[in-house]
Amino acid sequence: MKYFLALLIFFMLSGISHSAELTIGLIPEQNVFKQVERYKPLGDYIEKKTGNKITFTILSRYGNILDNFHNKKLDGAFWGSFTGAMAIKKLGIEMLARPVNNDGNSTYWGYIVVRKDSGIKNVQDMKGKSLAFVEQATTAGYIFPMAYFKEHGVSNIKTYFKEYYFAGSHDAALYAVLDIKADVGCVKNSMLDRLAEKDPRIKNELVVLAQSPEVPSNGLGLRKEIAFGVKADIKRVLLEMEGDPEGKKILEQFGALRFVETKDSDYTPVFEIAKRAGITLENYEYINK
Amino acid sequence: MKRKILFSLFALFLCLTIGTATAVLYMSSNISELKNIVNLQEVEQLRKSLIIEIHDVQAELYTVNTPYASDLDLIVRKGVKLEEISHQCTTCHHPPKLQSRIENVQSLVHDYKTALSFYITASANVETTERLKLDAVLKGNNLINLTNEMSHSASKNLEGLTSDTMRRLNNVTKILLLTIMITFFLGVLVAVNLTRSITRPINELVQATRMITSGEFGSTIEYEDATEFGELAEHFNTMSTTIRDGYQKIRNEMEVRKKTEEALRESEEKLQSVFNQMQDIFYRTDREGRIIWVSPSAAKILRYESTDELTDRYFSDFFASPRKRQGFLQELSEKGNVSNYEAELRRNDGSTIIVSINSHYYENKNGKIEGEQGVCRDITERKKLEEEHVKLEKMESLGILAGGIAHDFNNLLTTIVGNIKLAKISFDHDEKITEILTDAEEACRRARDLTNQLLTFSKGGKPIKKITSIAEQLRSSALFALRGSNVICQFSIPENLWLVEIDEGQMNQVIYNLVLNAIQAMPKGGTIMITAENISIGLQSRLPFSEGTYIKIKVSDQGIGIPKEYLQKIFDPYFTTKQKGSGLGLASTYSIINNHNGYIDVESTIGTGTTFSIYLPAIKDRLPHEEKKPAIIIKGKGRILLMDDDDTVLMTVGKTLKQLGYEVELTKDGTEALESYKKAKESSKPFDAVMMDLTIRNGMGGKETMEKLRTIDPHVKAIASSGYSADSIIADFKQYGFAGFISKPFEIEELSDLLNNVLSGKS
């Protein structure tokens with residue numbers, strides 16, 4: 001009887017975990033070409049190890065991923081910390097795993113940067129300057145700076161700054177400051193560090209004025225309805241990548257040390273920052289204006 | 001020839017090499033140029049693809065954020081393709097200038113992609129957005145311009161290079177064509193020359209080999225030159241001559257061998273034939289005594305399927321008696337040979353044969369004993385005949401003894417019977433004495449029958465036949481045999497049974513033997529059935545004797561029966577199944593019936609009983625047997641000369657004759673009788689009849705005396721008497737001049753009747 005049950009469970013599991021076709025959304029964290037280039041090998045690896053076909057689709061806006069999740073028939077996405085938090089709340093997404101960056105952190109934080117030669121030292125110096133956000137639906141690229149500015153006496157950014165706009169990606173915002181197309185920029189530390197490795201101007205010419213608390217790095221979350229076996233397989237493959245020579249190589253290309261398990265509670269800091277910024281997530285309009 | 005071929009090939013090779021080398025040298029200088037052309041062509045192709053892709057992507061710039069905008073994934077794929085194209089040529093070995101321009105293009109593509117992404121993802125006021133768009137458009141245009149410029153200069157370069165290279169390639173073609181033509185003509189020249197040099201001697205060789213193949217050994221060719229063909233022709237001629245000589249030699253040898261083999265085969269066949277027909281066993285063993293060869297007759301004699309069953313077995317194993325085997329081996333080892341050694345060998349079926357063995361050791365070339373060989377002669381038949389001969393001799397002497405005893409006994413009986421008769425005559429008034437004397441007379445009759453049987457057994461002689469009915473004899477003989485046994489006898493004999501011509505004494509013996517056998521077959525008692533019937537045998541009969549009328553006598557018992565395999569042997573002499581039987585009973589029965597022109601047969605069923613059937617020719621047309629004359633004494637007159645060596649017989653018969661009214665003179669042997677007869681004849685009182693015993697001990701017997709008497713008196717009337725019926729005279733007494741015969745013991749009535757007949761001339 002014992003063996004029979006074991007056999008039954010095995011067949012059920014193997015039946016559930018039978019190959020699926022998953023469409024995974026990618027947010028324009030950086031230059032869309034680079035973003036696709038970065039995730040492609042990881043998708044191929046998951047596909048090879050689990051037998052599930054993985055197709056990535058890139059979105060031009062962070063917020064679009066929440067609005068178009070059902071339209072685009074997405075099964076999941078590598079969520080940013082803010083979109084992830086929103087997805088848990090609004091779409092009931094189940095978070096599986098997130099990467100540990102090369103610096104050993106599975107979190108990131110936001111920076112407010114200016115050029116060294118801009119003479120800007122604080123919020124007051126920013127008055128009448130131009131500002132490059134990343135996206136309205138990003139923690140580092142909008143929520144944190146909004147909280148920071150609010151805490152530093154800026155009640156209305158429209159009047160405080162000469163101009164502000166949403167660069168769409170962290171590298172775009174960073175290069176806007178570096179190329180003097182904006183005076184103040186918002187960027188996540190992990191992106192800054194990665195770009196700085198290839199472009200020394202970033203460290204030499206830019207200065208960080210503010211830093212946000214840590215929030216979880218961009219992790220993979222899937223629809224609840226996806227078969228338990230499929231989710232379990234993918235999660236297992238991601239968590240065990242570090243021990244597999246082939247997986248290790250993919251991790252190196254991806255720019256991470258390993259993947260760690262992610263829970264809903266990991267997103268608590270995001271809600272706290274939003275609170276600081278005076279944002280109510282339940283009716284937050286995350287589309288850029 | 002080899003040198004000629006090598007030189008020709010070398011010339012051809014040289015010509016081809018010079019032509020090809022020139023073409024190759026010329027060609028190699030063109031190869032690098034060709035590579036450049038190919039590179040340029042590749043670059044040109046890529047550039048075209050690049051321009052198309054850039055134009056394609058540039059178009060997207062104007063549709064971003066409009067309903068006509070392409071899917072971002074599509075734009076990304078185009079961007080990726082753009083980059084792939086720009087990187088495709090990085091592995092080629094372009095000139096440094098070209099390489100740097102390609103790298104420039106790659107860098108521009110990278111920048112263009114970044115600008116494109118920034119523009120697509122940005123959300124800003126119109127001014128900023130336009131700035132970002134312009135940035136991307138400018139980078140795209142720069143890229144197109146640079147690519148077009150590269151394309152233009154490359155095309156020019158390519159054109160010049162191509163025409164130059166084509167010209168050189170034409171030159172290479174010309175060189176190669178010339179080389180091929182020269183080589184071809186040279187090759188034809190060489191081929192014609194070589195073919196001529198090769199085919200002529202080969203044709204001659206082929207012709208000569210054909211002749212050899214068709215049997216003309218020794219055929220030669222006349223070709224001569226300094227090349228290998230000349231040498232080949234020389235060797236060929238030598239080889240052909242050698243083959244002819246060798247063939248002749250082999251043929252001679254084969255003929256000799258064939259004759260030898262034929263002679264050998266004939267000899268072997270003869271030898272085999274001799275062995276096959278041999279009645280003796282020839283054998284040969286190895287040192288251990290195992291048979292290694294044996295003649296085919298051995299298998300037949302010892303009843304094996306083939307000699308293979310005999311080989312490898314120890315010869316001594318065939319000895320039936322271990323003692324004999326031991327003796328044979330001992331004698332052989334002591335003397336080295338064995339002569340006329342008689343032993344029994346056991347056959348395959350368990351039966352044995354007696355053989356006489358002559359055997360000796362045989363040696364190899366070095367004088368070492370290799371084994372034993374010898375001959376076994378089957379002497380079983382001879383031994384059997386010898387044994388039978390001994391038996392027969394024994395029987396003969398027994399017969400003589402029995403005959404002698406019977407003779408003496410009959411003489412005694414003659415005296416007793418005669419005296420009893422005389423006593424009866426003397427006391428015929430006294431009934432009591434007469435009765436006693438009659439009983440004594442009856443006992444004497446039975447005693448006479450016994451002596452008769454003894455005599456028949458001893459001589460087995462010719463039957464003294466007379467026509468009679470066998471009915472009474474069947475009863476009396478059977479009852480005589482039954483005496484003292486627990487067996488009873490039933491008879492079924494018809495009144496009208498035909499007569500037969502038989503020797504009563506011998507027939508008595510037949511019936512006695514058959515009844516005795518029946519009694520012995522029923523040790524616990526039982527009933528014997530004796531039947532007699534008249535039968536006529538027709539031509540269709542299955543019985544093995546001629547047609548006619550017969551009487552059939554059957555003697556059946558309820559005994560144990562005779563096994564089927566014995567039925568055919570029971571009439572053979574000395575065959576018996578009884579422990580104390582002589583094996584003569586049924587043999588003499590068969591012989592007696594045969595002497596009566598009859599036939600005896602036997603049927604038997606185990607557990608049920610045995611029936612013997614006797615067929616005797618019947619006398620049907622004769623008158624029925626005369627009524628036996630009443631026993632009366634006929635008195636007579638006359639002088640009788642009586643001769644007998646037994647005094648008591650002489651005295652008794654003398655008295656009897658006197659009682660009958662005759663005058664008697666007694667003599668003891670032939671000499672005495674002849675003397676008396678002569679004397680009487682010469683005197684006035686000759687004898688009227690003579691009565692002589694045929695057997696006189698130590699004196700002249702009746703037969704010889706009769707011969708002499710007949711010389712004295714050819715009309716002599718003589719009666720022969722004998723107590724020993726083996727004498728051949730008895731059956732044909734008339735042939736010897738006797739007028740009558742009387743066998744001892746006889747009765748007075750019988751004697752008076754015979755004398756009366758003889759003297760009256762009836763007999």
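Good morning. I shall begin with helix α4 of chain A, residues 81-90, where seven of the 10 residues are buried, so the helix is largely enclosed by the rest of the structure. Please keep in mind that what we are looking at is a predicted model.

Which residues of α4(A) are buried? They are Ser81(A), Phe82(A), Thr83(A), Gly84(A), Ala85(A), Met86(A) and Ala87(A). Just after this helix comes Gly92(A), whose phi is positive, at about 65 degrees.

Let us now turn to chain B. Its secondary structure consists of 17 helices and 17 strands. Chain B has 763 residues, and 28% of them count as buried. If we take the contacts within chain B that have a separation of 6 or more, 65% of them are made by residues 24 or more positions apart.

Next, the place where the two chains touch. How many residues does each chain give to the contact? Chain A gives 17 residues and chain B gives 16 residues. On the chain B side, the elements that supply two or more residues are α2, residues 72-88, and α3, residues 96-121. The largest share of that side comes from α3(B), with six residues. By character, the chain B side divides into seven nonpolar residues, seven polar residues and two charged residues.

I would now like to consider some details of the backbone in chain B. Two residues here have a positive phi although neither is a glycine. For Arg303(B), phi is about 60 degrees. For Asp312(B), the value is about 75 degrees. Where do we find Arg303(B)? It lies in the loop between α6, residues 296-301, and α7, residues 322-335, of chain B. Asp312(B) is likewise found in the loop between α6 and α7.

Are these residues buried or exposed? A residue counts as exposed if 12 or fewer other C-beta atoms lie within 10 Å of its own. Arg303(B) has 12 other C-beta atoms within 10 Å, and is therefore exposed. Asp312(B) has 10 C-beta neighbours inside 10 Å, so Asp312(B) also counts as exposed.

My last point concerns a peptide bond. Which residues of chain B does the cis peptide bond join? It joins Lys744(B) and Pro745(B), with omega at about 0 degrees. Pro745(B) is located in the loop between β17, residues 740-743, and α17, residues 748-760, of chain B.

Thank you for your attention.

Note on methods. Residues are numbered from 1 along each chain as its sequence is written. Chains are lettered from A and ligands numbered from 1 in the order in which they are written. This is a predicted model: local features need pLDDT of at least 70, side-chain atom pairs count only at pLDDT 80 or more; totals for chains, interfaces and linings use all residues. Two residues are in contact if their C-beta atoms, placed from the backbone, lie within 7 Å. Helices (H or I, at least four residues) and strands (E, at least two) are DSSP runs, numbered from the N terminus. Ala, Val, Leu, Ile, Met, Phe, Trp, Tyr, Cys and Pro count as nonpolar, Asp, Glu, Lys and Arg as charged, and the others, Gly among them, as polar. A residue is buried if 20 or more other C-beta atoms lie within 10 Å of its own, exposed if 12 or fewer, and partly exposed in between; C-beta atoms are placed from the backbone.
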